[in-house]
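Let's take a walk through this protein together. Have a look at the sequence and the model first, and then we'll go from place to place.

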Amino acid sequence: MTLNAHDSYRQGFPFTTALAALVVLMLLASQARSELLIRITEGADSAIPISVVPFAESGAMPAGDKVSSIVQADLTMSGEFRPLEPSRMLSLPSQRSEVYFRDWRLLGQRYVLVGQLTRSGDRIEARYELFDVNREERILGETAGAPASNVRTLAHHISDRVYEAITGDPGVFSTKLAYVTVTGDGDNARYRLHVSDVDGKRSRTRLESREPILSPAWSPDGKQLAYVSFETGKPVVFVHELASGNRRKVADFPGLNSAPAWSPDGKSMLLTLSKDGNAEIYRLDIASGNLTRMTNHWAIDTEGAWDHTGRGIYFTSDRSGGPQIYHMERAGAEPRRITFGSRYNARPRPDAKGEYVYYVHQRERAFHIARTNLKNGEESVITRTESDESPSVSPNGRLLIYATQQNGTSVLTVVSANGGAAYSLPASDGDVREPAWGPIVR
């Protein structure tokens, strides 16, 4: 649930009334814990067969998941690969001289990844190679290392490199997720902002409050989170430095302060403010604090998001009689309506390539995530669940995370951008919501 205009549109009552109602609904949220689970719910028919051979080990390795097991899980999670179980492998090579391509072809494999792990003191080094089985050639060969206490980071790095070598797009397994959970209810409610790996592991609580926390948004360098907090008794936008824990108010104007969205260069931020009486979109210069009004209309304009050029914005407006997505090519330009497929389309999230914009789409009584092809205007619904909200696009544009309901509980679900594969990330108990996918940090 978000404290933005699309919720008031859903309920069908005025924005100010919806604002108060949403606070009440947030306070009635059910119990949640911070850790996330992962459940693969659907795979793609076109998934690529790949074998991640258990890496050979030299020296004492840390307890817990093996590097190769994490890589296998990452590739499975993407929906684009179908790893072979090690128990079905005919051999367990660790270097090129031990790879017999005929055996892997018999197993129907297109790629095979082999490697060796060596521990020296408190550091682990991985030497790994990726082979194209049909061509019988190596397409990737590297060495990477990490502290022994950080093998998950090493494994995610290897997954990213394998993914990019095969698909041509960067992997996102080393990126982070931000999300909100709620513990307790009523006066005992506790809201927590978390940051975790994309598979839900290594979750850390970054903020805890008795009041709602909404709309987390990552800075382009992955070092800061902006979000809306009600801790002062009204919606205020904060920026939180993750390394130090320092946080500061950046928008505390009269009325509504919501929907932060960083610019691609990290120098400014879109905000929805009602300080002048109506909900409008503003651009905040972070260094100076200066505001530039981006929209000026009697309708509700909210949920701004920068397009791939960093000059234009997408936003939600009810200027046509109901919430729809609009695009403004630059400040002062005439907005152009993007969505037409239903009476309700809200919370736009464009991809980084300028190919698609994703949003919450109502069809009959159900709310799905849909996307519009920006070249031909074609709209397609990509989710099969029916109470979907808060979409966030992965930085490589190939996955989408959103919040939905499963058996009466709020969970996070990840789908491939074309809807062909999916997995869910429920909390171990209770609700989880407001996902935000972090950037690729080199």
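Let's start with the largest pocket, keeping in mind that what you see is a predicted model. This pocket is lined by 37 residues, and the ones nearest its centre are Trp218, Trp262, Pro350, Val393 and Trp437. Which elements give two or more residues to that lining? They are strand S11 (213-218), strand S15 (257-262), strand S19 (301-306), strand S23 (345-350), strand S27 (389-393) and strand S31 (432-437). The space inside comes to about 980 Å³. As for the character of the lining, 21 of its residues are nonpolar, 10 are polar and 6 are charged.

Two of those strands hold a little surprise in the backbone. Arg347 is found in strand S23, and although Arg347 is not a glycine, its phi is positive, at about 55 degrees. Is Arg347 buried or exposed? With a relative accessibility of 5%, Arg347 counts as buried. Over in strand S27 sits Ser390, another residue other than glycine with a positive phi, here near 55 degrees. Ser390 has 0% relative accessibility, so it counts as buried.

Now for the second largest pocket, which has a volume of about 440 Å³. It is lined by 19 residues, and Ser174, Thr175, Pro439, Ile440 and Val441 are the closest to its centre. Why does this pocket lie between domain 1 (39-167) and domain 2 (176-437)? Because both domains give residues to its lining. Helix H5 provides the largest share of that lining, 4 residues, and strand S10 (204-209) also supplies at least two. Here the lining divides into 6 nonpolar, 6 polar and 7 charged residues.

While we're at strand S10, take a look at Arg204, which lies in it. Arg204 has a relative accessible area of 51%; the cut-off for exposed is over 50%, so Arg204 counts as exposed. Setting aside neighbours within four places in sequence, Arg204 is in contact with Leu193, His194 and Val195. Take His194: it is 10 residues away from Arg204 in sequence, yet their C-alpha atoms are 5.4 Å apart in space.

Next, let's head for the inside. The largest nonpolar core has 44 residues, and Leu113, Ile158 and Val162 have the most contacts inside it. Helix H5 (residues 151-167) turns up again here, giving the largest share of the core with 7 residues. Domain 1 (39-167) and domain 2 (176-437) each put at least three residues into this core. For a closer view, pick Val162: leaving out its neighbours within four places in sequence, Val162 is in contact with Ile50, Leu75, Leu113, Leu130 and Leu140. There is also a second, separate core of 16 residues, with Ala178, Val182, Tyr191 and Tyr227 among them.

One last stop: the enclosed spaces. How many cavities of 30 Å³ or more are there? The count comes to 2. The largest cavity holds about 70 Å³ of space. Around it you'll find Glu57, Met61, Pro62, Asp65, Lys66, Val67, Leu117, Ile124 and Val151. Of these lining residues, 6 are nonpolar and 3 are charged, with no polar ones.

How values were computed:
Residues numbered from 1 in each chain as written. Predicted model: local features only at pLDDT ≥ 70, side-chain atom pairs only at ≥ 80, totals over all residues. Heavy atoms only, no water. Core = buried A, V, L, I, M, F, W, Y, C linked by side-chain atoms within 4.5 Å. Buried < 20%, exposed > 50% of the residue type's maximum accessible area, 1.4 Å probe, protein only. Domains from an automatic or database assignment. Contact = heavy atoms within 4.5 Å. 1 Å grid on protein atoms, 1.4 Å probe; cavity = no way out; pocket = protein on both sides within 12 Å on 5 of 7 lines; lining within 4 Å. Points joined across faces, edges and corners; volume = space filled by probe spheres on them. Nonpolar A, V, L, I, M, F, W, Y, C, P; charged D, E, K, R; others polar.
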